[in-house]
Every structure is written in C-alpha cells, then in structure tokens.
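Me: I've just opened this one and could use a hand finding my way around. Can we talk it through?

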Amino acid sequence: MDDRKIQILIDSLWPMIKAGLQFTIPLTLIAFALGLVLAIVVALVRLWKIPVLSQIAGIYVWIIRGTPLLVQLFIIFYGLPTIGIKFDPFMAAIIGFTLNMGAYNSEIVRAAIQSISKGQWEAAYSLGMTRGEALRRIVLPQATRVSVPPLSNSFISLVKDTSLAYTITVVEMFQVSKQVSAVTYEPLLIYCEVAVLYLVLCTVLNALQNVMEKRLARFSTR
C-alpha cells in the first residue's frame, strides 16, 4: 500500500468515527429503546388478546415483518410527504427503525413471557397479586433473562442496519464513507475501512453480550 492510500485511510478515519458518534450510535440507542417499549406493549396486547387492539397489533407485526426495512424507510421519508406528513432525515430514521424493532422484538418478548410456566402465574394469584402485579414482579424478571440473548442479537443487527439510513440522507458512518469514496476515488479502500469500523463496534457489543449472559446465568442458578 502506497503512502497516498495510507494517508487517505488516516484522513477518513476521524470523519467516519465522528459520524458514528453523532448519528449511528444515537440512532441505534434511541430506536432500540423506543422499539423495546413498543415491543413489550405489542406483546402484552397480543398475549392478553385485547379486543380490536390485538388484531391491530397482529396486522402491524405482519406488515413490518413481511416488508423490507429499506422500503419502510422510503415510505416514511419519501412517501409520506406526498400526503403532507414530513419528517427530517434523522427523525424518519428513528421512526422507521423503531417500528421495525418493535415488530421483531415483540415476538421475542412474547415468546419469553410464554416460556414462563403457568404455575408461576397461579402462584402469584394465590398470593393475592393482580395480573399486572404478577407480570411486573414475577413473570417479567424471569422473561428478561430468557430474552436477553435474542434481544442482544437484535441490537447488534440494528447497529449494522443503521447503514441503510444513508438512503434517506442521514449522515451516518456509511454515508460519510460514500462521500469520502466519491472524493478520493478509492471505493474498495474506504468501504473496507468502514466495514472494519462496524466490525470493531459489533465485536465490542458481542463481548458485552457474552458478559451479560454469563452474569445472568450465574444469577439464575442461585
């Protein structure tokens, strides 16, 4: 590798890291947090079979899981303005990723809650707890331990999926790499560099996931 290419790598590194800190990471954290709240609500609505709402929740999950994330982002950012609903790029990305995470994670949460035996519910009811109290004090703590691994995988996938936000002009890491590539005429070099950045970030998150799972495993065996 000649000196010019090395200098290009050095010069482009900070702009991409900066974009990651300003957009990629905040977008991931906000969308996942809001998506998890939405997922819990959707899962409970479907589990408790609340009239009308459970059907709406089922249709929502069906639509989101059955259509590409990229198409969903395009509908929100490019499609909705035609009927007078406009969002700035970052907000459109948050909405799109939140809805996507909410649908997929609702199935994880629903499966985790269903994995708790009915005996746990019955024991809670025998102690005079309401359904809400049983859920909050008995079922959710156990379901949390079950859902951590798949939810962690979902979070790591979201980090990579945020690269799609460049299609709606969010200046995240991949968008910056495209801009640098257009200026330097070194697409292979720059795209490999941004791939390494994503790889490093996801590797760190995977290590944190392993630590969390080990701690939960020790806690559950006590």
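Reply: Sure, here are a few questions and answers on the nonpolar cores and one helix pair; keep in mind that the model is predicted.

Me: Which element gives the largest share of the largest nonpolar core?

Reply: That core has 34 residues. The elements that each give two or more residues to the core are α1, α3, α4, α6, α7 and α8. The largest share is seven residues, and the element they come from is α8.

Me: Which residues does Ala93 touch, leaving out those up to four places away in sequence?

Reply: Ala93 is worth a look, since Ala93, Phe97 and Ile168 touch the most other members of the largest core. Leaving out residues up to four places away in sequence, the ones Ala93 touches are Leu27, Leu73, Ala165, Ile168 and Val170.

Me: How many residues are in the other core that lies apart from it?

Reply: Look for Leu44, Trp121, Ala124 and Ala143, which are among its members. This separate core has a residue count of 14.

Me: Are α1 and α7 roughly parallel or antiparallel to each other?

Reply: Their axes come within 8 Å and cross at roughly 150°. Angles over 145 degrees count as roughly antiparallel. So the two helices, α1 and α7, are roughly antiparallel.

Me: How many residues in the contact of α1 with α7 are charged?

Reply: On the α1 side the contact includes Arg4, Ile8 and Met16, and on the α7 side it includes Met173 and Val176. The contact residues divide into seven nonpolar and five polar, and the number charged is one.

Conventions:
Residues are numbered from 1 along each chain as its sequence is written. This is a predicted model: local features need pLDDT of at least 70, side-chain atom pairs count only at pLDDT 80 or more; totals for chains, interfaces and linings use all residues. Side-chain values use heavy atoms; hydrogens and water are left out. A nonpolar core is a set of buried Ala, Val, Leu, Ile, Met, Phe, Trp, Tyr and Cys residues joined through side-chain atoms within 4.5 Å. Buried means under 20% relative accessible area, exposed over 50%, partly exposed in between (1.4 Å probe, protein chains only). Helices (H or I, at least four residues) and strands (E, at least two) are DSSP runs, numbered from the N terminus. Contact means heavy atoms within 4.5 Å. Axes are lines fitted to C-alpha atoms, for helices over the stretch in contact, and angles run from 0 to 180 degrees between N-to-C directions. Angles under 35 degrees count as roughly parallel, over 145 as roughly antiparallel, 65 to 115 as roughly perpendicular and the rest as oblique. Ala, Val, Leu, Ile, Met, Phe, Trp, Tyr, Cys and Pro count as nonpolar, Asp, Glu, Lys and Arg as charged, and the others, Gly among them, as polar.
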